[in-house]
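Student: Could you take me through one part of this model in detail, with the cut-offs behind each term? I would like a close look at one strand and its partners, and then at the surface around them.

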Amino acid sequence: MKNLFLTVVFLAAGVAAAQGCSDAGICSIAGKGNTEGNLFPNNIELVGLFGTGQADVTYFSPQLSYTRQWNRQFALTTRVTFNVAQGSFGTRGTFGDAYLIGNYLWKTKSSAQWSSQLGMKFPFTSANLKINGNSLPMDYQASLGTFDLLAGTNLRYKSWDFNAALQVPVFNLNRNSYFREFSGTDAFVSTNLLVRQPDALLRVGYSYPTPNKKFTFRPNLLGIFHLGEDSFENIYGIRERIAGSGGLTLNGNLIGVYRLDAKNSIEASVATPFIVREVRPDGLTRSFTAALTYSVSF
């Protein structure tokens, strides 16, 4: 089973699909649970993420996270994101979202370790950034403009990781004003006053450490189910469903971790989708992403 799983993930990571990943933040709580044996109460992560999206849009998205391990069972993580999008419309960059996520580690039973996560995502923008007064599609926005509830659970069994999570928009502050009819391109759908549906996530991963424990490789398969069709307000003020915007995105992800010492580590990851939703109005389309993370504990 392990060899079959590794083969599928490596094949997935090699597919250069011209469509994309869909992660509205739900991956922030997948596979990030605290574990028994943590030696330090504080951890800081600095992430630099590069991605290619729909049409000619490219992204650079740095993130900064801080985790406080309050005791053996409870940890609290805060995260701030920044996003720079560049394409034929121009370049736009600003802060995206802030996260506050709690993680509770249940008592270990034999080789199984359960944890639960609960958190919120807070937007820094209303998803209506403009360039020279021109409205931009969601692909150029740094945030979806929603306050979201995130909840998940994680099972670690020996070298396997299994995750399930749910992301629900609670308050919608999205004030996007992009209409395809007035943009001069058909590359992006209209997203005026976009209303987005919830996401559900299922993930399976495997950790493979080298004999000296310096390197760990973690292939993952990640399915994100968009639970319904999004909608927008058309030029007549009538709300329309965006056909094909619901459904499954399935991503292949390969992570490599190098542990410098007990306190410091460097992580590199690449990801690409091989099943995508027909339409992705939220601007989360990615054909490829690569990230580099530096982590320090103290």
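Tutor: Happy to; below I go from the whole chain to strand 12, then to the nonpolar patch and a few individual residues.

First, some ground rules. The model is predicted, so local features need pLDDT of at least 70 and side-chain atom pairs count only at pLDDT 80 or more, while totals for chains, interfaces and linings use all residues. Residues are numbered from 1 along each chain as its sequence is written, and side-chain values use heavy atoms, with hydrogens and water left out.

The protein has 1 helix and 17 strands; these are DSSP runs numbered from the N terminus, with helices being H or I of at least four residues and strands being E of at least two. Of its 298 residues, 48% count as buried, where buried means under 20% relative accessible area, exposed means over 50%, and partly exposed is in between (1.4 Å probe, protein chains only). Among contacts (heavy atoms within 4.5 Å) between residues at least 6 apart in sequence, 64% join residues at least 24 apart.

Now to strand 12, residues 215-226. Strands pair if DSSP finds at least two bridges between them. Strand 12 runs antiparallel to strand 15 (residues 247-259), and 12 bridges join them; here phenylalanine 217 has glycine 256 of strand 15 as its bridge partner. Strand 12 is also antiparallel to strand 10 (residues 199-206), through 7 bridges, with valine 204 opposite leucine 221. Strand 11, residues 208-209, pairs with strand 12 over 2 bridges, again in the antiparallel sense, and proline 209 stands opposite threonine 216 there. Strands 11 and 12 form a hairpin with 5 residues between them, and lysine 213 in that turn has a positive phi of about 65°.

Strand 12 also contributes to the surface. A nonpolar patch of about 900 Å² includes Phe215 and Phe217, together with Leu46, Leu64, Tyr208, Tyr258, Leu260, Ile266, Leu292 and Tyr294. Patches are made of residues with over 30% relative accessible area and no salt bridge, joining like charges within 9 Å and nonpolar side chains (Val, Leu, Ile, Met, Phe, Trp, Tyr) within 5 Å. A salt bridge is a side-chain nitrogen of Lys or Arg within 4 Å of a carboxyl oxygen of Asp or Glu. Strand 12 and strand 17 (288-297) each supply at least two residues of the patch. Isoleucine 266, in strand 16 (residues 264-275), is partly exposed at 33% relative accessibility. For scale, the accessible surface of the protein comes to about 14,200 Å², of which 62% belongs to carbon and sulfur atoms; areas come from the Shrake-Rupley method with a 1.4 Å probe, and for residues only the protein chains shown count as cover.

Two loop residues are worth setting side by side. Alanine 55, between strand 1 (42-52) and strand 2 (58-69), has a positive phi of about 55° although it is not a glycine, and is exposed with a relative accessible area of 53%. Alanine 127, in the loop between strand 5 (112-123) and strand 6 (130-131), has a positive phi of about 60°, but is buried at 0% relative accessibility.
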